[in-house]
Amino acid sequence: MKNSIFFFLAILFSYPFFISSCSGDATVQGAAPADAIDTTDIEYFLSELSDDKFLGRKPCSEGEPITINFIKNEFQKMGLEPANGDSYFQKVPLVEIEAAPSEGMYIEGGKQDLKFDYKKDFMTFSQQVKENINIKNSELIFCGFGIVAPEYGWNDYAGIDMKGKTAVVFVNDPGYYSEDSTFFKGKTMTYYGRWDYKYEEAARQGAEGVIIIHETGAAGYPWFVVSNSWSGGLLSLQSPDDNMSKCPMEAWVTFDAAKRIFVNSKINANNMLQKASEKGFKPFSLDMTVNTSIKNTFKKDISNNVIAKITGTESPDEYIIYTSHWDHLGVGQVVNGDSIYNGALDNASGSASMLSIAKAYAEMKEKPKRTVIFLSVTAEEQGLLGSLWYAENPIYPIKNTVANINMDGAAIIGRMKDLTITGFGQSTMDDIAAEEAKKQDRYILPDQEPEKGYFFRSDHFSFAKVGVPALYAKGSYDHRAKGKEYAMGKRKEFTTTNYHQPSDHYTDDWDLNGAVEDAQLFFNVGLRIANEKLYPKWKEGSEFKNVRELKN
Ligand SMILES: [Zn+2]
């Protein structure tokens, strides 16, 4: 996603092919079918997809048809069935919005009038497909963290009508500021802590605007990430109402700007973080208004997900979905003489892993009992758009979609001892993954940076949001031969020098045995679920549990 671009750290996967004999499952006859996954296949798909001829795989660019046809042809060669009628494609209608916000944001009605500067103090954006957005005298309401979470008995919008008003909210959730790990999820960011949630909730409340207060620790990234991410053209999904259900203004301010707003209020606006974190918090007016405007230009376009399947032999109407995003950033700013953002790790490597898994399924003599789907999604980098579109416009019913396994980045430094599960503890998928990891003589690690909300930053999250239990894991922190420090060093090195840079190339010194081992694990987890009758479940305390239970 545009934002997640920056958060997404190095992505290391793992898979060896000689060790996989121990992943042979009792339910599978003969040699373990996961053995079919090897470095040769992964390397072929990876080196192809990250080649310059794909032009950085940007949605709706010249690189798109080259990319999606490559993936389609590979599916076809493997003998997989098209999964959208007789087509391997699902159209994803996108709209690119380029916002030109007014250079100033004006706060009136306090002790004095305040003027904030674009980019330095604030960022504004609008997803509404509309040329002129004018925010005039919109009353500022302090809404704490902007959260409505019945399971925590929490409502930051209690008793207030937000029509024509602008919510001022802190990023993250109250748990982040408490020492109590059972208050929300303590330091672990819940979905309520994310900016996307805050925009969605403010829209549900009918607010005219929402202003998120940035704080580096709580957001998980510094201000420049906000100011880079929310400027320039941004893609979103087309909708029948042209996004009129979204807030006209979505904004961020720096922590300093927020302090200036609070100090300027004639009402007592001290200790706002503390107030927002108290149980029973009620929203209140700051007795000031905000004035600003945004000029939007937009362009509509169509991108494509690629989708193939193997129809199940016994329960064809129940589905396991593997996902990986095919898109990257395209051709852009020249860095060290190179302008093609090849996205070899992000995410030619995850795509290559998924294609290798698909090939292994296609080669199996005994086909899975449930239907297994391979979905290569577009526009992840722009906000998980391809997967969101699928989740909202599913080809196969969501309530019969048993599980999702997502791959975004593979292990490129060799075999890993850990399997790090992002969002560990959310669902019983973790338990299945742990059993399969044990067979590979590996151990499970929960997120190492749970406060950063990585669970909400790749395509599995689009499935979680509609209630489908999802697994997002990879070998990340503990190299089998060279240990933890080595793995951490490599991770850092990739993040600082190659992440979202033209230098994210495939090179011969990548060791894909880790990628093979992870892909075999995902194959085994998927196959196990495909041959079972049970549905994986969200665990107690998961913010997605209710969604699943209400849908079924
Ligand atoms: Zn990615």
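Trainee: Hi! Is histidine 325 buried or exposed?

Mentor: Histidine 325 is buried, at 0% relative accessibility (buried is under 20% relative accessible area, exposed over 50%, partly exposed in between, with a 1.4 Å probe and protein chains only). This is a predicted model, where local features need pLDDT of at least 70, side-chain atom pairs count only at pLDDT 80 or more, and totals for chains, interfaces and linings use all residues. Residues are numbered from 1 along each chain as its sequence is written, and side-chain values use heavy atoms, leaving out hydrogens and water.

Trainee: Thanks! What are the protein donors of the zinc ion?

Mentor: His325 gives NE2, Asp346 gives an OD atom, and Asp408 is listed with OD twice, at 2.0 to 2.6 Å from the zinc ion. Donors are N, O and S atoms within 2.8 Å of the metal (3.2 Å for Na, K and Ca), and with no water among the atoms, sites may look incomplete.

Trainee: And how are those donors spaced along the chain?

Mentor: Their spacing is H-x20-D-x61-D. Histidine 325 sits in strand β14 (residues 315–325) and aspartate 346 in helix α9 (residues 344–363), so this pair ties together parts 21 residues apart in sequence. Helices (H or I, at least four residues) and strands (E, at least two) are DSSP runs numbered from the N terminus.

Trainee: How accessible is aspartate 346?

Mentor: Aspartate 346 has a relative accessible area of 1%, so it is buried.

Trainee: Switching topic, how many disulfides does the structure hold?

Mentor: Zero, a disulfide being a pair of cysteine sulfur atoms within 2.5 Å.

Trainee: Why does cysteine 143 have no bond to cysteine 247?

Mentor: Because their sulfurs are 11 Å apart, too far for a bond, even though cysteine 247 holds the closest cysteine sulfur to that of cysteine 143. Cysteine 143 is buried at 0% relative accessible area, while cysteine 60 is partly exposed at 28% relative accessibility.
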